[in-house]
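Reader: Hi! I have a protein model open and I'm new to this. Could you walk me through it?

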Amino acid sequence: MYKAEITHKKDFIFSVKSGNVELAIDAKGKAGISPPDALLASIGSCLGVYIRKYAEGSGLALENFSINVEAEFIKETPMCFKVINVAVDLRNSALDERRKVALLEFIKNCPIHNTLKVNPQVEIKIS
């Protein structure tokens, strides 16, 4: 099971603990990453893990690639991202078109991508 514990520190700043790792979330983006940026970072890094898994399984040298993820909130309610754009730059890796298609299909299996696709139910309880 995956777990994160979020504790309010002050104003709009929160501490997130997951396992032995701690990071700062700041809704104003001054003392840490904002919640929307954390979501985009989550999908981008998950896709990155799957690129590495594909590279290792295929014996390909896919190193030093970058992933840029962008989105804007829609103006209507409920406020949400309507489209998340992901750009993967393989930095001059010599993949033919067939391999690029296979890589794309493989990385779409990232659990964060799959979670966003199925519009999961989120249950919130207040104690």
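Author: Happy to! One term before we begin: two strands count as paired if DSSP finds at least two bridges between them. Keep in mind too that this is a predicted model.

Reader: Got it. So how many bridges join E1 to E2?
Author: There are 5 bridges between strand E1, residues 5-10, and E2, and the two strands run antiparallel. As one example of who faces whom, Glu5 stands opposite Lys17 in E2.

Reader: What sits between those two strands?
Author: E1 and E2 form a hairpin with 2 residues between them. Asp11 is in that turn and has a positive phi of about 45 degrees, although Asp11 is not a glycine.

Reader: Is a positive phi usual or unusual there?
Author: Most residues other than glycine have a negative phi. Asn64 is another case to look at: its phi is positive, about 55 degrees, and it is not a glycine either. You'll find Asn64 in the loop between H1 and E4.

Reader: Are those two buried or exposed?
Author: Asp11 counts as exposed because its relative accessibility is 60% and the cut-off for exposed is over 50%. Asn64 is exposed as well, with a relative accessible area of 63%.

Reader: Back to the strands. How do E2 and E3 pair?
Author: They pair in the antiparallel sense over 6 bridges. Ser15 stands opposite Ala24 in E3. This hairpin has 2 residues between the strands, and Gly19 takes a positive phi near 60 degrees.

Reader: Nice. What's the overall pattern along the sequence?
Author: Reading along, you get β-β-β-α-β-β-α-α. That comes to 3 helices and 5 strands.

Reader: New topic: pockets! What is the volume of the largest pocket?
Author: About 690 Å³. It is lined by 16 residues, and the closest to its centre are Ala4, Val16, Ser18, Ala38 and Ser42.

Reader: Which element gives the largest share of that lining?
Author: That would be H1, with 4 residues. Strand E2 (13-18), strand E3 (21-26), helix H1 (35-58) and helix H3 (111-117) each supply at least two lining residues.

Reader: How does the lining divide into nonpolar, polar and charged?
Author: The split is 13 nonpolar, 2 polar and 1 charged.

Reader: And what about the largest nonpolar core, which residues have the most contacts inside it?
Author: Those are Ile51, Leu62, Leu90, Leu103 and Ile107, in a core of 17 residues. Two elements give two or more residues to this core, H1 and helix H2 (97-107). The largest share, 8 residues, comes from H1.

Reader: Why would nonpolar residues gather like that?
Author: In soluble globular proteins, nonpolar side chains tend to be buried together.

Reader: What does Ile107 touch?
Author: Leaving aside residues up to four places away in sequence, Ile107 touches Leu47, Tyr50 and Ile51.

Reader: How far is Lys30 from Ile107?
Author: They are 32 Å apart in space, C-alpha to C-alpha, and 77 residues apart in sequence. Lys30 is in the loop between E3 and H1, and its 76% relative accessibility makes it count as exposed.

Reader: Last one! Where is there a cis peptide bond?
Author: Look at Thr77 and Pro78: a cis peptide bond joins them, with omega about 0 degrees. Pro78 lies in the loop between strand E4 (66-73) and strand E5 (81-89). For comparison, most peptide bonds are trans.

Technical notes. Residues are numbered from 1 along each chain as its sequence is written. This is a predicted model: local features need pLDDT of at least 70, side-chain atom pairs count only at pLDDT 80 or more; totals for chains, interfaces and linings use all residues. Side-chain values use heavy atoms; hydrogens and water are left out. On a 1 Å grid over the protein atoms alone, a cavity is a set of points where a 1.4 Å probe fits but cannot get out, and a pocket is an open set with protein on both sides within 12 Å along at least five of seven lines; lining residues have an atom within 4 Å of a point. Grid points are joined across faces, edges and corners, and a volume is the space filled by probe spheres set on the points. Ala, Val, Leu, Ile, Met, Phe, Trp, Tyr, Cys and Pro count as nonpolar, Asp, Glu, Lys and Arg as charged, and the others, Gly among them, as polar. Buried means under 20% relative accessible area, exposed over 50%, partly exposed in between (1.4 Å probe, protein chains only). A nonpolar core is a set of buried Ala, Val, Leu, Ile, Met, Phe, Trp, Tyr and Cys residues joined through side-chain atoms within 4.5 Å. Contact means heavy atoms within 4.5 Å.
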